[in-house]
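Biologist: I should like to learn how to read a structural model feature by feature. Could we begin with the general idea each time, and then turn to the case at hand?

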Amino acid sequence: MNSLHKVRIAIAGTILLALVAGTLAYGLDYYRLDAKDRVFHEKHRQLRPSGRIGIDLGMLGVMLFFGLYGYPIRKKWKWLQRFGKTKNWLDFHILLGIAAPLVITLHSSFKFQGLAGVAYLLMMIVMASGFAGRYIYGQIPRSLNETTLTLAEIEALAGSARTEIARQKIVSPAQMERFLVVPDKSRVERMSMTGAVIAMVFRDAIRPFQTAALRRAAAPSMGDNVRTLFGFLPSPHTELESVIGLARRQARLAQKMAFLERAHRLFQLWHVIHRPFSYSFAVLACLHVTFAVLMGFY
């Protein structure tokens with residue numbers, strides 16, 4: 001079922017990407033012109049916001065954006081929770097959140113003025129905050145049924161990974177200690193909210209470099225280091241990669257244990273910020289469509 005979901009996401013993403021890329025390729029010579037020169041271009045009647053293609057893109061963009069509300073509505077309406085997994089709905093939510101701004105940007109023909117310009121700015125804020133929210137969401141460990149794990153459950157998972165790493169004896173305790181350096185929970189609690197965010201992002205950014213260092217230290221030979229681009233690519237040694245995977249998992253869990261309380265507070269704060277922008281854009285989008293219909297653009 002999970003692989004089928006990935007296929008659906010891939011197909012939907014490919015179709016939307018092809019639509020955006022095809023429209024951009026078709027209208028590139030038009031989009032590059034100044035507004036005063038576009039009226040003389042042969043594609044102006046089709047690609048302007050009120051043109052045949054422009055209106056179709058606008059309608060599609062609005063439908064994609066309002067499709068985003070399926071995810072929060074599902075959380076409110078219990079009967080919808082019988083259909084699919086929360087993670088699958090979230091994946092489509094993210095896909096629509098990326099596709100809608102791209103399609104609406106083409107609908108606007110890269111000109112943002114008046115009410116439509118304000119709505120577009122709000123939409124971009126919603127998209128940016130959506131990426132931030134997805135990152136924060138990922139900092140809160142969850143079980144397979146999307147239930148938030150308790151600190152004790154996270155510690156149990158980390159302990160299981162630590163035991164398996166020690167049993168295989170491929171990575172030394174000293175190497176693991178260097179890999180698992182994270183601030184303790186009491187220190188994180190003294191951080192400001194901004195400081196906690198910076199610390200989380202920094203530690204996620206350096207983890208690939210830490211993983212590469214761990215892979216170099218545990219590699220059987222210099223030739224293995226060269227073949228893996230000095231640890232940045234997986235090695236052909238199955239047991240080593242298994243331990244590396246466990247080490248990465250333990251490092252992520254150790255970080256999430258330290259930042260768990262901060263991540264919960266950040267996620268609550270994010271909801272307070274994200275929702276008003278989202279609802280404001282929805283209202284302005286409805287007004288924009290209403291005015292366009294009343295003024296005869298459609």
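Modeller: Let us begin with the elements: a helix here is a DSSP run of H or I with at least four residues, and a strand is a run of E with at least two, both numbered from the N terminus. The model before us is predicted. From the N terminus on, its elements run α-α-α-α-α-α-α-α-α-α-α-α-α.

Biologist: How many helices and how many strands does the chain have?

Modeller: The chain has 13 helices and zero strands.

Biologist: What share of the residues counts as buried?

Modeller: A residue is called buried when its relative accessible area is under 20%. Of the 298 residues in the chain, 39% meet that description. The accessible surface of the chain comes to about 17,300 Å², and carbon and sulfur atoms account for 67% of that area.

Biologist: How should I read the contacts along the sequence?

Modeller: Consider contacts between residues at least 6 apart in sequence: 68% of these join residues at least 24 apart.

Biologist: Which residues have the most contacts inside the largest nonpolar core?

Modeller: As a general idea, nonpolar side chains in soluble globular proteins tend to be buried together. In this model the largest nonpolar core has 27 residues, and Leu64, Phe65, Met123 and Phe281 have the most contacts inside it. Helices α1 (2–31), α4 (52–67), α6 (86–107), α7 (114–138) and α13 each supply at least two of its residues. The greatest contribution comes from α6, with seven residues. Apart from this core lies another, of 17 residues, including Met191, Ala199, Phe259 and Trp270.

Biologist: What does Phe281 touch, leaving out residues up to four places away in sequence?

Modeller: Phe281 touches Phe65, Ile104, Ala119, Leu122 and Met123. Phe281 counts as buried, at 5% relative accessibility.

Biologist: How are aromatic pairs to be read?

Modeller: One looks at the distance between ring centres and the angle between ring planes; planes over 60 degrees apart count as edge-to-face. The whole structure holds 13 aromatic pairs. In one of them, the rings of Phe65 and Phe66 have centres 6.2 Å apart and planes at 90°, so this pair is edge-to-face. Phe65 is buried, with a relative accessible area of 3%, whereas Phe66 is partly exposed at 32%. The rings of Phe65 and Phe281 are also edge-to-face, because their planes stand at 65°, with centres 4.2 Å apart. Since Phe65 lies in helix α4 and Phe281 in helix α13, this pair ties together parts that are 216 residues apart in sequence. Phe65, Phe66, Tyr69, Tyr279 and Phe281 form one aromatic cluster.

Biologist: What span should helix α11 have, and does a bend matter in reading it?

Modeller: The expected span is 1.5 Å times one less than the number of residues. Helix α11 (residues 193–218) has 26 residues and should therefore span 38 Å; its end C-alpha atoms are 37 Å apart, which agrees. A kink of about 40° nevertheless lies at Arg207, shortly before the proline Pro208. Among the buried residues of α11 are Ala199, Met200, Arg203, Arg207 and Leu214.

Biologist: Where is Phe230 found, and is Phe230 buried or exposed?

Modeller: Phe230 is found in the loop between α12 (222–227) and α13 (238–294). Phe230 falls between the two words, because its relative accessible area of 45% makes it partly exposed. Leaving aside neighbours within four places in sequence, Phe230 is in contact with Ala212, Arg216, Met222 and Asn225. The C-alpha atoms of Phe230 and Arg216 are 6.1 Å apart, and the two residues are 14 apart in sequence.

Conventions
Residues are numbered from 1 along each chain as its sequence is written. This is a predicted model: local features need pLDDT of at least 70, side-chain atom pairs count only at pLDDT 80 or more; totals for chains, interfaces and linings use all residues. Side-chain values use heavy atoms; hydrogens and water are left out. Buried means under 20% relative accessible area, exposed over 50%, partly exposed in between (1.4 Å probe, protein chains only). Contact means heavy atoms within 4.5 Å. Accessible areas come from the Shrake-Rupley method with a 1.4 Å probe; for residues, only the protein chains shown count as cover. The bend at a residue is the angle between axes fitted to the seven residues ending there and the seven starting there. A nonpolar core is a set of buried Ala, Val, Leu, Ile, Met, Phe, Trp, Tyr and Cys residues joined through side-chain atoms within 4.5 Å. Rings of Phe, Tyr and Trp (its six-membered ring) pair if their centres lie within 6.5 Å; planes under 30 degrees apart count as stacked, over 60 as edge-to-face and the rest as tilted.
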